[in-house]
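Please show the model, and then let us read it together, one feature at a time.

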There are 2 protein chains.
Amino acid sequence: MENKSEICLPTCSVDYAFKRIGGKYKGRILWYLHDHKTLRYGALKRILYDVTTKMLTQTLRELETDNLIIRKVYHEVPPKVEYSLTETGGELIPFIDHLRQWGDRQIEKENRKL
Amino acid sequence: MENKSEICLPTCSVDYAFKRIGGKYKGRILWYLHDHKTLRYGALKRILYDVTTKMLTQTLRELETDNLIIRKVYHEVPPKVEYSLTETGGELIPFIDHLRQWGDRQIEKENRKL
DNA sequence: CGGAATCCAGTTAGATACTG
DNA sequence: CAGTATCTAACTGGATTCCG
């Protein structure tokens, strides 16, 4: 499975950016990693809770390839892998945070209508 | 075809927001509508250029349902339909702009490496 | 524990043709 | 002009099983 971001030239930088963080779980993963500083594979899976191992692994690999997260392997038994944000990935946090606040406001609005 | 945003409760507001603007063309459409104030269907199709009528219509309907854009129909011959941002949609522009700038920086970085 | 591999159903999106 | 309808290829994502 190839990383989409490698096989197509973006037509504009908005497109470029959305390709990198627009995946089904990417926004949440970046946000949770910022929240917890570092998370293990299993912990991430528990927080996202509806994700399959296949999807999680695939998504993490894409984020790693795009240099948004770091994958650190501890060669122990049992194995341990920790994920954290890169500096580039961290630069996206203000954006995600604003988006989160916007989302909160919309959810509130919708609730008031009911 | 149901609008996804209607059939699932978001697990968190990050997820909520990404569902609304994370589609393949949504970011670009919002950005272009902000840039041009208002755009006709055909103009949008030309700017996005690789989109099919089916995808464009579907995406525009989702954005409309989520109250991010306005669809204004002129009952003329030939027909004329203009799209523009709602106030809520406009609130997203600063974030998309931020994302766009981030994208620009990444593209530059990648070019320097080559 | 942190995945990889395989198989398969379901969805999505593209091409094409047609319409008010 | 601004779509709709239909068909199909392609891809996505889920379940399951297995491995170092």
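What follows is a dialogue between a learner and a teacher.

Q: What kind of model is this, and how are residues, chains and ligands numbered or lettered?

A: This is a predicted model, in which local features need pLDDT of at least 70 and side-chain atom pairs count only at pLDDT 80 or more, while totals for chains, interfaces and linings use all residues. Residues are numbered from 1 along each chain as its sequence is written, chains are lettered from A and ligands numbered from 1 in the order in which they are written, and side-chain values use heavy atoms, with hydrogens and water left out.

Q: How many helices and strands does chain A have, and in what order do the elements run?

A: Helices (H or I, at least four residues) and strands (E, at least two) are DSSP runs, numbered from the N terminus. Chain A has seven helices and three strands, and from the N terminus on the order is α-α-α-β-α-α-β-β-α-α. The C-alpha trace of chain A spans about 55 × 35 × 25 Å along its principal axes.

Q: What share of the residues in chain A is buried?

A: A residue is called buried under 20% relative accessible area, exposed over 50%, and partly exposed in between, with a 1.4 Å probe and the protein chains only. Of the 114 residues in chain A, 44% are buried. As a single case, A:Ile47, which has its place in helix α4 of chain A, counts as partly exposed because its relative accessible area is 30%.

Q: Which residues is A:Ile47 in contact with, leaving aside its neighbours within four places in sequence?

A: Contact means heavy atoms within 4.5 Å. With those neighbours left aside, A:Ile47 is in contact with A:Arg28, A:Tyr32, A:His36 and A:Leu39. For chain A as a whole, among contacts with a separation of 6 or more, 47% are between residues 24 or more positions apart.

Q: Which residues are the closest to DNA strand C, and which elements supply the surface near this strand?

A: A residue is near a strand if one of its heavy atoms lies within 4 Å of it. DNA strand C is surrounded by 20 residues, of which the closest are A:Arg40, A:Thr57, A:Arg71, A:Tyr83 and B:Lys54. Of the atoms of DNA strand C that come within 4 Å of the protein, 67% belong to sugar and phosphate. At least two residues of the surface near DNA strand C come from each of α4 (41-48), α5 (53-65) and β3 (80-85) of chain A and α5 (53-65) of chain B, and the largest share, four residues, is that of α5(A).

Q: What polar contacts does DNA strand C have with A:Arg61, A:Pro79 and B:Lys54?

A: A polar contact is a pair of N or O atoms within 3.5 Å; within protein, one must be able to donate a hydrogen and the other to accept it, and residues adjacent in sequence count only if both atoms are side-chain atoms. An N or O atom in the side chain of A:Arg61 is 3.1 Å from a phosphate oxygen of DNA strand C, a polar backbone atom of A:Pro79 is 3.3 Å from a sugar or linking oxygen of that strand, and an N or O atom in the side chain of B:Lys54 is 2.5 Å from a base oxygen of DNA strand C.

Q: How many residues surround DNA strand D, and which are the closest?

A: DNA strand D has 19 residues around it, the closest being A:Lys54, B:Arg40, B:Thr57, B:Arg71 and B:Tyr83. The largest share of the surface near DNA strand D, four residues, comes from α5(B).
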